[in-house]
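Colleague: I should like to understand how the terms applied to a model are justified. May I put some questions to you?

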Amino acid sequence: MTGDTVFYSQGKAELQKLYGIFGDQEAKEIEKEEVQQRLTRLLEAYDREQSQDDKRRIKTAIDRHRERINELQ
């Protein structure tokens, strides 16, 4: 399993989920930072995109990321 990024990512996600459920602030902060990074990339993609269908799909993802950030606060 050494060097297996998929295994690492899955384990990290599960640990963050569990610690977040039990109210661990550090886990919530880590998740919040990761969601914020993805949101930044989505906003950049939204500005670059020309297709209205793609813009609508990206806008939906942006909205969900903003909701998640609010939940984590």
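Modeller: The following exchange sets values against definitions. This is a predicted model, in which local features need pLDDT of at least 70, side-chain atom pairs count only at pLDDT 80 or more, and totals for chains, interfaces and linings use all residues. Residues are numbered from 1 along each chain as its sequence is written, and side-chain values use heavy atoms, with hydrogens and water left out.

Colleague: Why does phenylalanine 22 count as exposed?

Modeller: Exposed means over 50% relative accessible area, buried under 20%, and partly exposed in between (1.4 Å probe, protein chains only). Phenylalanine 22 has 70% relative accessibility, so it counts as exposed. Phenylalanine 22 lies in the loop between α1 (5-21) and α2. Of the 73 residues of the protein chain, 19% count as buried.

Colleague: What makes the protein chain more spread out than a compact globule?

Modeller: The protein chain has three helices and zero strands (DSSP runs numbered from the N terminus: helices H or I, at least four residues; strands E, at least two). Its radius of gyration, taken over C-alpha atoms, is 15 Å, well over the 11 Å that the globule rule gives for 73 residues, so the chain is more spread out than a compact globule. That rule is 2.2 Å times the number of residues to the power 0.38.

Colleague: What joins the side chains of glutamate 31 and arginine 68?

Modeller: A polar contact of 2.9 Å joins them. The term requires a pair of N or O atoms within 3.5 Å; within protein, one must be able to donate a hydrogen and the other to accept it, and residues adjacent in sequence count only if both atoms are side-chain atoms. Glutamate 31 is placed in helix α2 (residues 25-48).
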